[in-house]
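Biologist: I would like to take a careful look at one part of this structure and then see what surrounds it. Could you take me through it slowly, as you would for someone in a first year of study?

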Amino acid sequence: MRKAIFQLSILVIVAFLIASCSGAEEATLKSALKDKFLIGVAVNPFQTSGEDTASAKIIVQHFNSIVAENCMKSGPIHPEKDVFDFENADRFVEFGEENDMFIIGHTLIWHSQAPRWLFVDDEGNDVSREELIERMKNHISTVVGRYKGRVDGWDVVNEAIEDDGSWRKNKFYEIIGEDYVRLAFEFAHDADPGAELYYNDYNMVKEGKREAVVKLIKTLQEQGITVDGIGIQGHYYMDYPKIEDLEKSIIDFAALGCSVMMTELDVSALPNPWEATAEVSFGADYEAKLNPYPDGLPEDVAAAFNERYFDFFRLFLKHSDKVSRVTMWGVSDAWSWRNNWPIRGRTDYPLLFDRDFQPKPVVNMVIEAAKEKQ
Ligand code: GLA
């Protein structure tokens with residue numbers, strides 16, 4: 001009898017251990033969301049090289065897609081006309097492969113973080129249209145070609161449209177004209193026909209921009225270009241955007257036959273007294289009243305923040321037939337760019353993991369909601 005009780009107890013303990021282990025394994029974002037959409041995160045070289053082990057652990061545990069936060073932008077990867085620096089990008093791709101992740105290259109054509117040489121000749125004058133097209137082609141085919149069959153999707157063009165729907169008057173537009181977008185997609189497709197190709201932008205909830213992006217994608221489609229996905233960056237605030245506006249963009253973009261992705265999600269918990277934007281050149285002066293929580297969020301603000309995040313994820317789950325990926329712009333609050341933009345030196349709380357690398361309540365809320373929707 002005693003032996004039977006002993007054996008039974010062992011069985012119960014083993015069963016408990018198995019249940020709790022598999023429970024622990026299930027309680028991750030990537031496992032809960034696996035039939036819904038990819039869950040991604042922007043990573044930096046400290047994480048892929050193993051220096052920032054706390055972040056790397058979370059990346060591997062919770063995420064099944066990565067995007068290069070900076071190392072694939074044209075400035076860092078192509079600093080001189082005849083010089084490419086692939087060190088960090090190579091490591092980024094290896095990290096994704098080692099962990100069986102969906103790898104996103106970001107970004108081929110963007111006006112910001114571009115190398116100075118790209119647009120000018122030796123005298124500092126703008127290069128000709130033909131020359132800039134040639135340089136664009138060389139840049140895209142070299143970078144995309146190097147990772148052919150390894151990078152799954154590319155943000156081909158970033159931020160070509162202004163909030164009011166007009167073309168951004170960047171150097172590509174000024175020198176080449178509207179066609180630079182089509183050419184960029186063609187060059188990327190030629191370099192790796194198997195890679196998915198995306199258009200990516202911020203403030204996609206603003207009517208002017210939403211409509212202009214729809215028009216741009218339709219024009220590209222008429223020209224025979226396949227745009228696999230539209231990236232909605234998602235650098236958001238507590239009071240911007242309205243969920244209904246974001247929902248409209250998801251529906252309108254999906255109606256074009258493209259996948260929709262949230263590509264750079266972070267939600268500032270701090271006051272936002274200016275018109276919402278994600279324009280990187282925008283800056284505001286530091287004032288203590290705009291940095292109200294240097295020592296942590298008060299309970300009521302933290303609760304509102306979690307609810308706000310959950311509202312976004314509820315929307316993504318509702319439209320998981322259209323949303324193919326949600327990518328966070330960073331792992332933990334400790335390293336988010338939002339601590340320094342649009343005001344330097346604030347203490348912000350925009351991500352899913354706090355400064356001690358602990359998941360915020362919203363992580364579990366999302367996991368539970370995803371399970372319920374199975
Ligand atoms: C834009 C870019 C990102 C990043 C953010 C700011 O959204 O697409 O790569 O630079 O600005 O960090």
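With which residue does the side chain of Arg182 make a polar contact of 2.7 Å?

Modeller: The partner is Asp179, whose side chain is joined to that of Arg182 by the polar contact of 2.7 Å; please keep in mind throughout that this is a predicted model. Arg182 has its place in helix H9, which covers residues 179-191. Once its neighbours within four places in sequence are set aside, Arg182 is in contact with Leu220, Gln223 and Ile225.

From there we can go to another residue with polar side-chain contacts, Asn158, which lies in strand S4, residues 153-158. Asn158 counts as buried because its relative accessibility is 2%, and the cut-off for that word is under 20%. Its side chain is joined to that of Asn200 by a polar contact of 2.9 Å and to that of Gln233 by another of 3.2 Å. Beyond its neighbours within four places in sequence, the residues in contact with Asn158 are His106, Thr107, Ile109, Trp110, Asn200, Asp201 and Gln233. By contrast, the C-alpha atoms of Asn158 and Leu132, which are 26 residues apart along the chain, are separated by 17 Å.

Two residues in that list of contacts, His106 and Thr107, deserve a second look, since the peptide bond that joins them is cis, with omega about -5°. Thr107 belongs to strand S3, residues 102-109. A cis peptide bond also joins Tyr240 and Pro241, here with omega about 0°, and Pro241 is found in the loop between strand S7 and helix H11. As a general rule, most peptide bonds are trans, and most residues other than glycine have a negative phi. With the second half of that rule in mind, look at Asp100, whose phi is positive, near 55°. Asp100 sits in the loop between helix H6 and S3, and it counts as exposed because its relative accessibility is 69%. Phe357 likewise has a positive phi, near 65°, and its place is in the loop between strand S9 and helix H13; at 23% relative accessibility, Phe357 counts as partly exposed.

His106 leads us to the interior as well, for it is among the residues in contact with Trp154, along with Met72, Tyr147 and others. Trp154, Met72 and Phe313 are the residues with the most contacts inside the largest nonpolar core, which has 118 residues. Helix H12, residues 299-318, gives the most to this core, with nine residues.

Helix H12 also supplies the largest share of the lining of the largest pocket, namely three residues. This pocket holds about 240 Å³ of space, and of the 16 residues that line it, the closest to its centre are Leu297, Asp333, Tyr349, Asp354 and Lys360. Its lining is made up of seven nonpolar, three polar and six charged residues.

Finally, a search of the whole structure finds one cavity of 30 Å³ or more, and about 70 Å³ of space lies in the largest cavity. Among the residues that line this cavity are Asn44, Glu69, Trp329, Trp335 and Trp337, and by class the lining divides into six nonpolar, five polar and one charged.

How values were computed
Residues numbered from 1 in each chain as written. Predicted model: local features only at pLDDT ≥ 70, side-chain atom pairs only at ≥ 80, totals over all residues. Heavy atoms only, no water. Core = buried A, V, L, I, M, F, W, Y, C linked by side-chain atoms within 4.5 Å. Buried < 20%, exposed > 50% of the residue type's maximum accessible area, 1.4 Å probe, protein only. Helix = DSSP H or I, 4+ residues; strand = E, 2+ residues; numbered from the N terminus. Contact = heavy atoms within 4.5 Å. 1 Å grid on protein atoms, 1.4 Å probe; cavity = no way out; pocket = protein on both sides within 12 Å on 5 of 7 lines; lining within 4 Å. Points joined across faces, edges and corners; volume = space filled by probe spheres on them. Nonpolar A, V, L, I, M, F, W, Y, C, P; charged D, E, K, R; others polar. Polar contact = N/O pair within 3.5 Å; in protein donor to acceptor, adjacent residues only side chain to side chain.
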